[in-house]
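User: Hello! Please give me a close look at one part of this structure, the charged side chains and their surroundings. I would enjoy one connected account.

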Amino acid sequence: MWIIFLIIGLLVLGLLVLLIMAARYQRDYWRFRGIPHERPKKLWPVIKQIMTQSLSTEAMKASHYSALYSKFKGSGPFCGFYALLQPRALILDRELIRQIMIKDFWNFNDRGMYCNQKSDPLSGDLYALRGESWKEMRQKLDPSLEGDRMSWLYGCLYEEAAQLLLVVSTTLMKQPHSTLHIQKIMRRYVLSALAKCVFGLDAQQRLKYPLEDFEQMTEMALNSHKHGYLMNLMMIRFPNFCRLLRMRRTPKQAETYFLGLLNDIVEQRENSGVRQQDYLQLLMEVKALELITHQYEADKELKMHLQNELAAHAVVFLKAGYEQTANTLSYILYELASHTDLQTRVREEVKKAMERFEGNLSYECIQSLTFMGQVISETLRMHPITPYILRRTLNDYPVPDHPKYVLVKELFLIIPTHAIHHDPNIYPDPEQFKPDRWSGPRDSLKEQGTWFGFGVGARSCIGIQFAQLQLRLALALLVSEYDFTLNSRKPLVNLEDGIALTLTPLGVIEPGTEERAV
C-alpha cells in the first residue's frame with residue numbers, strides 16, 4: 001500500500017514542480033527572449049488580484065499602456081509586459097502597426113474575443129469572428145453599408161435627429177433651468193436611432209416592443225456577464241475547449257428577446273411584401289440572397305442559421321455603436337462648449353451650407369460640412385472610442401528587419417491608441433483641441449499608424465458611414481438651434497458622472513445666473 005501512496009506523492013510533487021517551472025517560464029518569458037519589457041508583478045499580488053477579482057478598468061489600462069509607450073518608445077518595434085501571468089506585447093513602431101493592421105492583416109484579424117455560433121448565436125457577429133469566417137461575413141455585409149446606401153438610409157436617421165431636437169426642447173421647457181446632462185440624452189438618441197434603423201422599431205412596432213424594454217435588454221446584453229472573471233478568461237484563452245462545453249457569453253433572456261423581436265418583424269415584412277427604407281431591410285436582402293445561393297441545403301435549418309446571422313449583425317450595432325457613438329457625440333458637444341469660437345465656426349458652416357442647398361439639410365448638405373468633419377476627427381483623436389486595440393496572432397510572425405523580435409502564435413498584441421493620439425512627436429500640443437490640424441491634405445499612409453478614429457485597415461469599423469451620419473445630423477440640428485456653454489458648477493468632463501452643459505436657444509439672452517443640473 002505504501003508504494004501506491006509513494007507513487008501518488010511523487011506524481012503530485014512532479015506536477016507541482018512542472019507548474020512552478022511553467023509559472024517561472026511565463027514570468028521570465030520576455031527576459032528569456034531578450035525583449036525590453038516591464039517586470040512582472042510578484043506572484044502573491046497576482047494571485048490576490050485573481051481571487052478578489054479586483055480587475056483593471058479601461059481607464060486604468062489606458063494609463064498603464066500610455067506609461068509603457070512613453071517608457072519603451074524607441075527601444076524596438078514592440079515591448080513586453082504581463083497581464084496577470086500572461087505575456088503580451090505592446091506595439092511601439094508605426095511601421096509594425098501598418099503591417100499588423102494592413103499589409104499582413106490576415107495574420108492578425110483575431111480580436112481575441114470568444115464566440116460560439118451554435119450555442120450562442122448572438123456572439124457570432126462580425127466583431128468576434130476570426131479568420132475565414134470573418135472574411136466571408138465581411139464580404140457579405142460590406143455592400144450594405146457603402147456610401148450610396150447611406151443616402152438611402154438618410155430619411156430614417158434624419159427623423160431620429162429631429163426627434164432629438166424635440167426631446168431637448170421639451171426637456172428644457174419642463175425644468176426651471178437650462179442645464180442638461182447631455183450624455184443621457186445622447187445615449188437615448190443613438191439607441192432610438194439604432195432601434196428604428198437597424199431593428200425596425202418604428203412608432204407602430206414600439207407599441208409591442210417599447211423602447212424602455214429595448215434599452216433594458218441592450219444594457220443586459222452589453223454589460224451583464226454570464227460567467228465570472230476566471231471563466232471568461234478561460235473562454236478567451238481556450239476557445240475551442242469552451243465551445244465543446246457549449247459555453248456562451250450572451251444572457252439567455254437578452255438572446256430570447258432579440259431573436260424573438262427580429263423573427264417577428266422580419267416575418268411581418270416577408271408576409272406583407274412591404275419594403276422599408278432602413279438597414280434591417282438591407283440585412284433581409286443579404287439573407288434572401290444567401291437563401292437563393294444555397295438552395296440545395298435543408299430549408300428549415302438554413303433559414304434558422306441565416307436568421308440567427310441577421311440577428312447577430314443587428315446586435316453588433318449595439319455592441320460597437322451604441323455607447324461609442326453616444327460618448328463621442330457627448331465629447332464633441334463638450335469640446336464645442338469649451339471652445340465657443342469653434343462652435344461658432346461649425347454653426348456658420350451649417351448655415352452657409354443650408355443656404356447653398358436652398359434651406360434643405362439634405363444628405364449632400366450634411367456631407368459637405370468639411371469643418372464639422374475636422375471637429376469629429378479631432379474629438380476622436382483626443383477622446384478615442386477605445387483607448388487601445390487588441391489583436392491576437394494567428395501564426396508566428398518575425399518582425400521585418402528585427403531578427404530577435406517574433407510575435408508568436410496566439411500572442412495578444414496591444415496597439416495603444418490613446419498613447420499614440422497624445423504623442424507630442426506626432427501631434428504637437430496633443431492636449432489642445434485643434435480641429436485645424438486636419439485642414440490640410442490628409443496623408444493616408446501616415447494616418448494608418450497614427451490615427452485610429454474608426455480603426456484601420458480591413459477590420460476597421462464597418463459602420464463608419466452610419467456613425468458619421470448620426471453624428472453630423474445631430475450636431476447640425478443642435479448647433480443651428482442652441483448655443484452650448486459649460487455649466488459653471490461642472491466644468492470638467494467625466495463620462496461616468498455625466499457632462500453638464502447649459503443650452504441657450506439662439507437669439508435668447510438669459511440672465512447670467514448659475515444653474516444646477518438635476
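**Charged residues and their surroundings**

Analyst: Happy to help! Let us start with Arg130, which, apart from neighbours within four places in sequence, touches Asn109, Asp110, Arg392, Leu394, Glu410 and Arg459. Please keep in mind that this is a predicted model. Arg130 sits in the loop between α5 and α6. Its relative accessibility is 31%, so Arg130 counts as partly exposed. One of its contacts, Arg392, comes from 262 residues away along the chain, yet the two C-alpha atoms are separated by 9.8 Å.

Asp120 belongs to the loop between α5 (94-103) and α6 (131-141) as well. Is Asp120 buried or exposed, and what is the nearest side chain of opposite charge? Asp120 is buried but has no salt bridge, and that nearest side chain is Arg248, 4.1 Å away. A salt bridge would need a side-chain nitrogen within 4 Å of a carboxyl oxygen. The Asp120 side chain does reach a backbone nitrogen, that of Arg249, at 2.8 Å. Setting aside neighbours within four places in sequence, the contacts of Asp120 are Arg248, Arg249, Thr250 and Glu255.

Salt bridges do form elsewhere, 23 of them in the structure. Let us take three of these pairs in turn.

In the pair of Arg269 and Asp278, the closest N and O atoms are 2.6 Å apart. Arg269 counts as buried because its relative accessibility is 9%. Asp278 is buried too, at a relative accessible area of 5%.

Arg345 and Asp436 form another salt bridge, with an N to O distance of 3.0 Å. Arg345 is part of helix α15 (residues 340-356), while Asp436 lies in the loop between α18 and α19 (444-447), so this pair ties together parts 91 residues apart in sequence. What is the exposure of these two residues? Arg345 is partly exposed at 38% relative accessibility, and Asp436 is partly exposed with a relative accessible area of 38%.

The third pair is Glu378 with Arg437, whose side chains meet at 3.1 Å, N to O. Here helix α17, which holds Glu378, is linked to the loop between α18 and α19, where Arg437 lies, and the two residues are 59 apart along the chain. Glu378 is buried, with a relative accessible area of 0%, whereas Arg437 is partly exposed at 24%. Shared partners also join salt bridges into a network made of Asp110, Arg392 and Glu410. Those three names should look familiar, being among the contacts of Arg130.

It helps to see what surrounds Glu378 in its helix. Twelve of the 13 residues of α17 are buried, leaving this helix mostly covered. Among them are Val375, Ile376 and Leu380, along with Glu378 itself and Arg381. For α17 (residues 370-382), 1.5 Å a residue gives an expected span of 18 Å, and the end C-alpha atoms are 19 Å apart, which agrees.

Helix α4 makes a useful companion to α17. Its buried residues are Ala62, Tyr65, Ser66, Leu68, Tyr69 and Phe72. They fall within an arc of 160° when viewed down the axis, so they line one face of α4. That buried set packs against β1 (78-83), β2 (86-91), β7 (412-415) and α18 (417-421). On the other side of α4, the charged residue Lys71 is exposed, as are Ala59 and Ser70.

Finally, the wider setting: the protein chain has 20 helices and nine strands, and 50% of its 518 residues count as buried.

Conventions
Residues are numbered from 1 along each chain as its sequence is written. This is a predicted model: local features need pLDDT of at least 70, side-chain atom pairs count only at pLDDT 80 or more; totals for chains, interfaces and linings use all residues. Side-chain values use heavy atoms; hydrogens and water are left out. Helices (H or I, at least four residues) and strands (E, at least two) are DSSP runs, numbered from the N terminus. Buried means under 20% relative accessible area, exposed over 50%, partly exposed in between (1.4 Å probe, protein chains only). Lys and Arg count as positive and Asp and Glu as negative; His and the chain ends are not counted. A polar contact is a pair of N or O atoms within 3.5 Å; within protein, one must be able to donate a hydrogen and the other to accept it, and residues adjacent in sequence count only if both atoms are side-chain atoms. Contact means heavy atoms within 4.5 Å. The arc is that of the directions from the helix axis to the C-beta atoms. The expected span of a helix is 1.5 Å times one less than its number of residues.
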